[in-house]
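Here's a friendly walk through one protein model. Have a look at the picture first, then read on.

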Amino acid sequence: MSNFVPGNYDLRTALIFCYHLKKTAAESHRMLVETYSEYALGKSQCFEWFKKFKSDDFDVRNEEHGKPPKKFEDSELQALLDEDDAQTPQ
């Protein structure tokens with residue numbers, strides 16, 4: 001038995017292979033679970049990827065999400081730190 005642990009990219013690429021073999025998302029999910037057990041993608045993830053493949057989108061790379069917007073200005077944070085000396089590094 002191999003020590004290979006598949007990453008998400010590996011599993012998504014395997015889904016493309018299954019898709020081109022005319023397997024359904026459910027069949028493909030069962031195959032991943034049989035082969036990789038706890039490392040397999042979830043069933044709903046497989047269905048979502050098959051939905052993308054059906055629209056001719058075969059890009060399985062992670063999408064950039066960017067940084068979340070700041071919820072406060074740095075000056076506000078500094079004011080809070082100034083109020084409580086215990087929070088300031090010594």
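Keep in mind that this is a predicted model. Let's start with one residue and work outwards. His29 touches Leu41, Gly42, Lys43 and Cys46, leaving aside residues up to four places away in sequence. You'll find His29 in helix H2, which covers residues 25-36. Is His29 buried or exposed? His29 has 15% relative accessibility, and buried means under 20%, so His29 counts as buried.

**How the helices cross**

Two of the residues that His29 touches, Lys43 and Cys46, also turn up where helix H2 meets helix H3. The axes of H2 and H3 (residues 43-54) come within 9 Å and cross at roughly 130°. That angle makes H2 oblique to H3, and the crossing is right-handed. On the H2 side, the contact is made by Ala25, Ala26, Ser28, His29 and Leu32, while H3 brings in Lys43, Cys46, Phe47 and Phe50. Sort the residues of this contact by type and you get six nonpolar, two polar and one charged.

Now for H1 and H3. How close do the axes of H1 and H3 come? They come within 10 Å and cross at roughly 60°, which makes H1 oblique to H3. H1 passes H3 in a right-handed crossing. Here Arg12, Leu15, Ile16, Cys18 and Tyr19 of H1 meet Cys46, Trp49, Phe50, Phe53 and Lys54 of H3. This contact divides into eight nonpolar residues, no polar ones and two charged ones.

**The nonpolar core**

In soluble globular proteins, nonpolar side chains tend to be buried together. So which residues sit at the heart of things in this model? The largest nonpolar core has 13 residues, and Leu15, Leu32, Phe50 and Phe53 touch the most other members. Helices H1 (8-20), H2 and H3 each supply at least two residues of this core.

Leu15 is a good one to click on. Not counting residues up to four places away in sequence, Leu15 touches Ser28, Leu32, Leu41, Cys46, Trp49, Phe50 and Phe53. That list includes Leu32, Phe50 and Phe53, which you just met in the core.

**Out in the loops**

Most residues other than glycine have a negative phi. Two loop residues go the other way: Lys22 has a positive phi near 65° without being a glycine, and Asp56 also has a positive phi, about 65°, although it is not a glycine. Here they are side by side:

| Residue | Where | Phi | Relative accessible area |
|---|---|---|---|
| Lys22 | loop between H1 and H2 | near 65° | 72%, exposed |
| Asp56 | loop between H3 and H4 | about 65° | 63%, exposed |

Exposed means over 50%, so Lys22 makes the cut with 72%, and Asp56 does too with 63%.

Asp59 is another residue to look for in the loop between H3 and helix H4 (74-83). What does Asp59 touch? Its contacts are Trp49 and Lys52, again leaving out residues up to four places away in sequence. With 32% relative accessibility, Asp59 counts as partly exposed. Try finding Tyr9 as well: Asp59 and Tyr9 are 50 residues apart in sequence, and their C-alpha atoms are 10.0 Å apart in space.

Terms used: Residues numbered from 1 in each chain as written. Predicted model: local features only at pLDDT ≥ 70, side-chain atom pairs only at ≥ 80, totals over all residues. Heavy atoms only, no water. Helix = DSSP H or I, 4+ residues; strand = E, 2+ residues; numbered from the N terminus. Buried < 20%, exposed > 50% of the residue type's maximum accessible area, 1.4 Å probe, protein only. Contact = heavy atoms within 4.5 Å. Axes fitted to C-alpha atoms, helices over the stretch in contact; angles between N-to-C directions. Parallel < 35°, antiparallel > 145°, perpendicular 65-115°, else oblique. Left-handed = near helix turned anticlockwise from the far one by under 90°. Nonpolar A, V, L, I, M, F, W, Y, C, P; charged D, E, K, R; others polar. Core = buried A, V, L, I, M, F, W, Y, C linked by side-chain atoms within 4.5 Å.
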